[in-house]
Amino acid sequence: VIKLQGNDLAHIASPGSRAGHRLDLGPMRVRVVGSVESLGGAGSRKTWLLEEGKDLMWNTDHWITSLLRVPPNTTVEFCLCNIWQWKEANHAPGLQSAVDRERCHSSRRVIWSGLCRFTTPRKGQVLQVTLPASVAGSLYRGRRSHSSAEVFTEDSHTVQTTISSIEEHIVQGRAGRASWSSLPWQVFPLPAAGRQCSFSFRGGQKCCELMLNVNLYVPPGFDPNEDKDWPLMLFLHSQHCRFDGDLNLHYESDTPPRLVLGDSRCPESLRNNFIILSPQNLSSRERGDIGGDGMWLRRGEFGKDAEYDYPAEAVIWDLIETVKQSLPIDRTRISLVGTSMGGQGALQLASRWPGFFAACVPVAAHFEFEPLDAVALRLVQEALPMWFFHAVNDHICSHSAMQGLARRIRHHSPYNAEVHFTSFYDTWSSGHHADRIPFWKNEMTKDGPGGWRCFGDDLFEWLATQSGPGLTCRSLTPTVVEKWTPPRSHQ
């Protein structure tokens, strides 16, 4: 874990500055790049890759990374960098297009720190490396602007290190506890009201636990001591996106995790009415799999041959249950929102966990792992309210396929399920950057040629009113993890 103090710059991190587009994410975007694979390098500085480094999360007065995997008993060199990105390239929602990614990232200017070194601990231990606020000051005020780690100076910074056990840095799911009722507050991280925090969560099945990086947002009116239960939104991001690297959901998207942090386009209902839980999908490397950046709930490449990932489903269930027991959550008002690949993940969870979610919002979704008729058959067995958003000119994920799925659910549901489908024409991208339509507040609607209508106020006010059966689990101890199914439920 790498921590950078930034007390003297905290006054710069005010939400709403820079015409409403500077978020409450700290004075700058800090990334760590170094000589080990998890930091973008595995040799000389000429081979260090900026795009493979890890972003640090701003937390009121300091930046900190998630848990980083490093080889034990090894000397690691690293440096920090302040990433500046041209304003016009700063909003490239999803960045699914390789051309868009290249255009956006080629506009970056980077200010590098001096070189830092530490020796990693033995296997099973966690080393926290703390750098002083003077390093943050040099990154903010520095004038060096380069894209390669070859050129940073040899100036070294003194680091402080402390060693601790991994248990002190993770939240353990309920499946890993012999007896479990609720987590103590000092173990479960809790951000200040109106802020986000990130933490590492380990859970799922005891025989094959997984670790997720998780982002948690609590609204401005949240008070853990108040007798009030809050709606919970589970947000599943699109492919390639992360919280700790390139295509960062806090900087390069129009999704809820970005909007709630002071963005002027954020609907008030989104900012004020939901606790938002956003896990980061496991990459293929993290689970020893092929298939590039990884997929929600699938192993392997896209297509019908991709295997269902039952351990991944189990750890998401475990994460939600842990949050429900640790925070004042209204279990009848848990909604599910997913974009693109996250949309297919949302459809899978909604169809496999009947009665659990109060509503589901697939945005620019797709589904190619089994016939849509089978998904529709499972979804029509419950009265789950759904609201689809999809561009008619989306050439990556089929508009007609999702429209057909919505029609099947609407026409064949014995419960007359409330199913909305909003079509639009994408004039600002290749057709797949849909986030602004469902998530931006209504007044961001653009009139005239090439205009669009935004539905953020309508969508999140609608979501806040949805209430479902609130089914929960009796047990999370299935005997065969390869054929894991959600545990037996009861009201």
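The following exchange concerns a predicted model and its open sheet.

User: What is the mean pLDDT of the chain, and where is the pLDDT below 50?

Analyst: The chain has a mean pLDDT of 81, and 78% of its residues reach 70 or more. The pLDDT is below 50 over residues 88-96, a stretch with 35 contacts in the model beyond near neighbours in sequence. Residues 178-186 also have a pLDDT below 50, with 16 such contacts. Where pLDDT is low, the predicted coordinates should not be read in detail.

User: Which strands form the open sheet, and in what order?

Analyst: Nine strands form the sheet, in the order S11-S12-S13-S15-S14-S18-S19-S20-S21, with mixed pairing.

User: Why do strand S11 and strand S21 stand at the edges?

Analyst: Strand S11 (170-172) and strand S21 (419-424) each have a single partner strand, so one side of each is left without a neighbour in the sheet. From one strand to the next, the twist averages 25 degrees.

User: What makes strand S14 and strand S15 a pair?

Analyst: A pair requires at least two bridges. Three bridges join S14 (residues 230-236) to S15 (residues 275-279), therefore the two strands pair, and they run parallel. Leu 234 stands opposite Leu 277 in S15.

User: Which strands does helix H5 lie across, and which does helix H6 lie across?

Analyst: Helix H5 (residues 310-326) lies across S11, S12, S13, S14, S15 and S18, running at about 125 degrees to S12. Helix H6 (residues 341-352) lies across S14, S18, S19 and S20, running at about 140 degrees to S18.

Methods: Residues are numbered from 1 along each chain as its sequence is written. This is a predicted model: local features need pLDDT of at least 70, side-chain atom pairs count only at pLDDT 80 or more; totals for chains, interfaces and linings use all residues. Side-chain values use heavy atoms; hydrogens and water are left out. pLDDT is the predictor's confidence in each residue, from 0 to 100. Contact means heavy atoms within 4.5 Å. Helices (H or I, at least four residues) and strands (E, at least two) are DSSP runs, numbered from the N terminus. Axes are lines fitted to C-alpha atoms, for helices over the stretch in contact, and angles run from 0 to 180 degrees between N-to-C directions.
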